[in-house]
Amino acid sequence: YFLGFAGFDLWPLSFVALIPLLVLLEQQGEAEHRLSGKRALAVGVVFGSVTHAGGYYWLIGMLEDFSGFPLPACIFFAAVVYLYQGGQLAFFFWLLARARAHGWPLTPTAAAAYCAVELCYPLLFPSYYSNSLYDLPLLLQVVDLGGPILLTALAIAVNGALYEMGRALFGKKPLRRVLPAATGLALFFTLLYGWGRIGQVEERAAEAVKITVGVVQANMGMFQKRRDRLEGLRRHLEQSEQLQREVSPDLLVWPESAVNQVIPEGRRNVRRTFLGSINTPVLFGGLALRNEDGKRRLYNTAFITDREGNILATYDKTYLLAFGEFLPFGETFPVLYEWSPQSSHFTPGSHVKPLPFREWRLTALICYEDIIPGFVRRAVAEGRPHLLVNVTNDSWFGDTTEPWIHQALARFRAVEHHLYLVRATNSGVSAIIDPVGRVVRRSGVFERASLHAQVAMLQGTTFYQLAGDWPGWLGLAWTLFAVFRRSRRTLNRGPGRSPGRAAGRSYPLRRQWSCRWR
């Protein structure tokens with residue numbers, strides 16, 4: 001599973017990764033020793049924990065570098081995260097085992113159960129099974145109808161259909177052709193929809209007003225930025241001046257905490273302090289300090305300026321990163337911040353208002369807010385933006401797969417709303433992504449880079465924007481029904497009766513099924 005996921009990018013594995021679970025489930029059923037609820041949960045926990053340990057191996061190093069805890073404590077905390085995140089797969093397998101024990105068909109029930117857990121199970125690092133398919137634009141377009149959960153349903157159905165065909169071929173079992181055929185048709189129409197949708201969005205983009213955006217990646221290490229704040233500012237100014245001379249961008253985007261200094265409440269102009277000779281509007285990440293309720297509160301903030309350096313508006317990060325930007329239970333037990341001196345103590349923002357830019361609106365997303373589809377959907381609904389802008393700092397995670405995973409997951413937001421997405425990161429991966437999820441420009445990791453491209457200022461509403469995660473709700477309804485109610489086929493055959501005899505037909509004894517009431 002994790003080798004097929006974004007980062008390792010062996011995406012064909014995502015179409016077969018669940019087959020071993022299905023083999024175990026079905027073989028147990030044929031032997032009349034169906035998995036008990038506890039055993040199904042145990043198998044799922046092992047599968048899920050190994051999956052997340054492989055995909056998020058970089059979490060241990062991040063905790064060690066930035067939390068200040070010793071290595072054994074970091075391994076323990078990471079193991080807790082792996083175990084918790086793996087619980088999503090455990091509940092999927094438990095729900096599927098229960099539904100199969102009630103006689104419901106494998107492929108649609110597996111797809112429904114997985115959609116249900118993706119909807120309901122909260123993850124510290126939100127991810128979806130369909131994220132493995134981020135680099136396949138023809139498949140990706142369907143997320144503008146039902147978000148990543150809809151594409152997950154297709155990927156899980158393919159796993160189920162391949163298993164059923166393999167069982168018929170190698171196990172010489174009867175094949176119910178309708179379900180694999182339905183999965184094949186769904187895959188075909190998904191590709192057909194993607195082909196048509198790409199053409200439509202490209203036509204809209206060709207007719208829209210375009211601006212030139214410049215992106216600065218200064219490549220400053222996290223501790224280096226803290227030790228030498230002036231060097232970080234110098235790099236941003238140097239690269240911005242070069243972009244001004246060469247391409248005259250309409251907007252410059254600097255990453256999260258590009259200005260690693262506090263901008264106090266009431267400051268209206270930052271030209272003399274931070275922007276120097278830059279006469280282009282800049283959207284940059286910085287630190288805001290405000291007095292609220294008699295307390296001084298620190299915010300991780302995105303600022304946007306005009307050509308004169310006047311601050312036009314700000315947006316405060318809403319979803320803070322645990323251990324890096326705050327400590328869980330740190331407000332209740334302040335001593336935790338003494339034990340973890342590297343952890344920041346930010347206050348979450350309270351709104352998702354857009355940032356103004358000329359006659360347009362920009363929705364700013366800070367750090368990993370761009371991988372949360374529900375949050376971005378709410379921000380787009382409120383702001384009705386013409387452009388999505390993500391400012392982030394992935395130097396926390398070192399030279400691992402995390403920056404590539406982050407960039408891959410962010411591409412779904414562009415497709416869900418058919419808007420350009422501009423990503424400025426401190427050390428990579430910076431990118432400019434078009435409204436169908438293709439990368440127009442991209443940097444590497446841990447290198448200084450300056451990107452620029454024309455982006456279309458688009459606006460419109462997708463079905464996903466209106467209806468949200470309806471595939472998840474549909475899957476949840478089906479799964480609950482299947483878990484608590486036996487199928488009619490199971491009810492029609494009593495103990496010791498074959499399905500053929502229940503229907504008025506008889507089969508040889510070797511093909512009869514036995515049924516045990518639970």
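This is the transcript of a short group-meeting talk on one predicted structure.

Okay, thanks everyone. Before anything else, please keep in mind that this is a predicted model. I'll go from the whole chain to the cores, then helix 10, then charges, and finish with some backbone oddities.

So, the overview. We have a chain of 518 residues, and 57% of them count as buried. In secondary structure, that's 18 helices and 13 strands. If you take the contacts with a sequence separation of 6 or more, 71% of them are between residues 24 or more positions apart. As for the outside, the accessible surface is about 22,500 Å², and carbon and sulfur atoms own 59% of that.

Now the inside. Which residues touch the most other members of the largest nonpolar core? They're Leu59, Phe92, Leu151 and Val455, out of 109 residues in that core. Helix 4, residues 71-101, gives the largest share, with 10 residues. There's also another core lying apart from that one, with 19 residues, including Val216, Leu237, Val270 and Ile311. This fits the usual picture: nonpolar side chains in soluble globular proteins tend to be buried together.

Let me zoom in on Leu151 for a second. Leaving out anything up to four places away in sequence, Leu151 touches Ser130, Leu133, Leu139, Leu140, Val142, Val143 and Phe412.

Not every nonpolar side chain is tucked away, though. On the surface there's a nonpolar patch made of Leu3, Phe8, Leu10, Leu13, Val16, Tyr57, Leu162 and Met165, together about 620 Å² of accessible area. Take Val16 from that list: it sits in the segment before helix 1, which is 19-30. Is Val16 buried or partly exposed? Its relative accessibility is 34%, so it counts as partly exposed.

Right, helix 10, residues 229-247. I like this one as a sanity check. It has 19 residues, and at 1.5 Å a residue it should span 27 Å; the end C-alpha atoms are 27 Å apart, so that agrees. Its buried residues are a mixed bag: Glu231, Gly232, Leu233, Arg235, His236, Leu237, Gln239, Ser240, Leu243 and Gln244. What do they pack against? Quite a list: strand 1 (210-217), helix 9 (222-227), strand 2 (251-253), helix 11 (271-275) and strand 13 (449-456). And you've met Leu237 already, as one of the residues in the 19-residue core.

Helix 10 also brings us to charges. Glu231 and Arg235, both on its buried list, belong to a salt-bridge network that links Glu231, Arg234, Arg235, Glu238 and Arg448.

How many salt bridges does the whole structure have? The search finds 14. I'll pick out a few. Arg197 and Asp144 pair up through their side chains, with N to O at 2.7 Å. Arg197 is in helix 8 (residues 178-207) and Asp144 is in helix 7 (residues 143-170), so this pair ties together parts 53 residues apart in sequence. Both Arg197 and Asp144 are buried.

The next pair is a local one. Arg413 bridges to Glu416, with the closest N and O atoms 2.7 Å apart. Both are in helix 14, residues 402-417, and they're 3 residues apart, about one turn of the helix. Arg413 and Glu416 are both buried.

Then there's Arg438 with Asp434, closest N and O atoms 2.9 Å apart. Here the partners differ in burial: Arg438 is partly exposed at 30% relative accessible area, while Asp434, at 7%, counts as buried.

Last bit, the backbone. Where would you look for a cis peptide bond? Between Gly428 and Val429, where omega is about 10°. Val429 is in the loop between strand 10 (421-425) and strand 11 (431-433).

Then two positive phi values. Ser248 isn't a glycine, yet its phi is positive at about 45°. It comes right after helix 10, in the loop leading from that helix to strand 2. Arg358 isn't a glycine either, and its phi is positive at about 55°. You'll find Arg358 in the loop between strand 7 (355-357) and strand 8 (360-366), and at 52% relative accessibility it counts as exposed. Along the chain Arg358 and Pro281 are 77 residues apart, but their C-alpha atoms are separated by 9.8 Å.

That's my tour. Happy to pull up any of these on the screen.

Terms used
Residues are numbered from 1 along each chain as its sequence is written. This is a predicted model: local features need pLDDT of at least 70, side-chain atom pairs count only at pLDDT 80 or more; totals for chains, interfaces and linings use all residues. Side-chain values use heavy atoms; hydrogens and water are left out. Helices (H or I, at least four residues) and strands (E, at least two) are DSSP runs, numbered from the N terminus. The expected span of a helix is 1.5 Å times one less than its number of residues. Buried means under 20% relative accessible area, exposed over 50%, partly exposed in between (1.4 Å probe, protein chains only). Contact means heavy atoms within 4.5 Å. Patches are made of residues with over 30% relative accessible area and no salt bridge: like charges are joined within 9 Å, nonpolar side chains (Val, Leu, Ile, Met, Phe, Trp, Tyr) within 5 Å. Accessible areas come from the Shrake-Rupley method with a 1.4 Å probe; for residues, only the protein chains shown count as cover. A salt bridge is a side-chain nitrogen of Lys or Arg within 4 Å of a carboxyl oxygen of Asp or Glu. A nonpolar core is a set of buried Ala, Val, Leu, Ile, Met, Phe, Trp, Tyr and Cys residues joined through side-chain atoms within 4.5 Å.
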